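Open the model in your viewer and keep the sequence panel in sight. This tour goes stop by stop, with a selection to make at each one.

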2 protein chains.
Amino acid sequence: MKTIQIEKSAQCIKAIAHPFRLSILALLAEGEKNVQELTRALGTSQSNVSQHLFQMRARALVTTRREGNMIYYTITNPKMLKLMALMKEVFCGE
Amino acid sequence: MKTIQIEKSAQCIKAIAHPFRLSILALLAEGEKNVQELTRALGTSQSNVSQHLFQMRARALVTTRREGNMIYYTITNPKMLKLMALMKEVFCGE
DNA sequence: ATTCTATATTAGTATATTCTAATATACAAA
DNA sequence: TTTGTATATTAGAATATACTAATATAGAAT
């Protein structure tokens, strides 16, 4: 595996290496959600959620869509769902 | 996904969220290696490599075997290889 | 234009991570 | 038993991350 791929992968992995960010992905796996919905589900501050979302947006792991004054987030790459399922299997046993 | 699984997954993901640790996994994917071999390949200090290995050992992602005064490391779960391939695909495109 | 609501950004602090340098441990060889 | 080699551990400094509180922005509604 090339150095550049290692670096990029490490950045993306870091972007999902937090319980809140994993939870956000698990919620988005059900379908798109706006920031309010995510904030309520996580039980932390809106600011904190926005900051976590920023990290995943910066790596293009999630994508946004505006509707009125709400921003809806979705998982960019559908293969992410497969990846999450496999991580669960490898890290938590089956 | 349950909170406990989220927590455990986040811990494991953190344990691989570093270029050196990903490189180590990529090297171990080729077969078991001892600390010297990994140290030479990474081009950092032996102490640093041991510290990175510790993090993955603590999460049982890698397993050790002693031979004389060398310690050989292997990837614990063969499914990790599938996971790494999928991460590369999702994070680096195909 | 003002106000309201949703989201983003900033500043500052607390905590965690990473690295280097030094030291400890464990086995092998002499 | 001393010496050498491989690996692990510790301490401390530098950097990065995560959180709270406050503020900014952008669009909607009045």
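For the classes used below, Ala, Val, Leu, Ile, Met, Phe, Trp, Tyr, Cys and Pro count as nonpolar, Asp, Glu, Lys and Arg as charged, and the others, Gly among them, as polar. Keep in mind throughout that this is a predicted model.

**Stop 1: the surface near DNA strand C**

Select DNA strand C and the 23 residues that surround it. Which residues are the closest to DNA strand C? They are A:Asn34, A:Val35, A:Gln36, A:Ser47 and A:Met70. Now colour by element. Those that give two or more residues to this surface are α3 (35-42), α4 and β3 (70-75) of chain A, together with α4 of chain B. Both protein chains therefore appear in this list. α4(A) supplies the largest share, six residues. Colour by class next: the surface near DNA strand C has six nonpolar residues, 16 polar and one charged.

**Stop 2: the surface near DNA strand D**

Move to DNA strand D, with 23 residues around it. Nearest are B:Asn34, B:Val35, B:Gln36, B:Ser47 and B:Met70. Two or more residues each come from α4 (46-58) of chain A and from α3 (35-42), α4 (46-58) and β3 (70-75) of chain B. Here α4(B) gives the most, with six residues. By class, the surface near DNA strand D splits into six nonpolar, 16 polar and one charged.

**Stop 3: chain A alone**

Hide everything but chain A. How many helices and strands does chain A have? Five helices and three strands. Trace the chain along its sequence, and the pattern reads α-α-β-α-α-β-β-α. Turn on a bounding box: the C-alpha atoms fill roughly 45 × 30 × 20 Å along the principal axes. The radius of gyration of chain A is 14 Å, which agrees with the value near 12 Å for a compact globule of 94 residues. Of the 94 residues in chain A, 28% are buried. Draw the contacts with a separation of 6 or more: residues 24 or more positions apart account for 51% of them.

**Stop 4: the hairpin of chain A**

Select β2 (residues 62-67) and β3 of chain A. These strands run antiparallel and are joined by six bridges. Show side chains for one pair: A:Arg65 stands opposite A:Tyr72 in β3(A). Then go to the turn. The hairpin has two residues between its strands, and A:Gly68 takes a positive phi near 65° there.

**Stop 5: the sheet of chain B**

Switch to chain B and show its strands. What is the strand order in this sheet? The order is β1-β3-β2, in an open sheet of three strands with antiparallel pairing. β1 (33-34) and β2 (62-67) of chain B are the edge strands, each pairing on one side only. Six bridges link β2(B) and β3(B) in the antiparallel sense. Within that pair, B:Arg65 stands opposite B:Tyr72 in β3(B).

**Stop 6: helix α2 of chain B**

Select α2(B) and show its buried residues. These are B:Arg21, B:Leu22, B:Ser23, B:Ile24, B:Leu25 and B:Leu28. Step past the end of the helix. B:Gly31 follows α2(B), with a positive phi near 140°.

**Stop 7: where the chains meet**

Bring chain A back beside chain B. The contact takes 29 residues from chain B and 29 residues from chain A. On the side of chain B that touches chain A, the elements giving two or more residues are α1 (3-16), α2 (19-29) and α5 (79-92) of chain B. α5(B) gives the most, with eleven residues. By class, that side has 17 nonpolar, five polar and seven charged residues.

Superpose the two copies. A rotation of 180° with 0.0 Å of shift along its axis places chain B on chain A, at an RMSD of 0.0 Å. That is the relation of a two-fold axis. The same surface serves both copies: 100% of the contact residues of chain B recur in chain A.

**Stop 8: one residue at the contact**

Zoom in on B:Gln5, in helix α1 of chain B. Is B:Gln5 buried, exposed or partly exposed? B:Gln5 counts as partly exposed because 16 other C-beta atoms lie within 10 Å, and a buried residue would need 20 or more. Apart from residues up to four places away in sequence, B:Gln5 touches A:Lys88 and A:Cys92. To finish, draw a distance from B:Gln5 to B:Val62, 57 residues apart along the chain: their C-alpha atoms are separated by 20 Å.

Technical notes
Residues numbered from 1 in each chain as written. Chains lettered and ligands numbered in written order. Predicted model: local features only at pLDDT ≥ 70, side-chain atom pairs only at ≥ 80, totals over all residues. Near = placed C-beta within 6 Å. Helix = DSSP H or I, 4+ residues; strand = E, 2+ residues; numbered from the N terminus. Contact = placed C-beta atoms within 7 Å. Least-squares fit on C-alpha atoms with pLDDT ≥ 70 in both. Rg over C-alpha atoms; globule rule 2.2 N^0.38 Å. Buried ≥ 20, exposed ≤ 12 C-beta atoms within 10 Å, placed from the backbone. Pairing = 2+ DSSP bridges.
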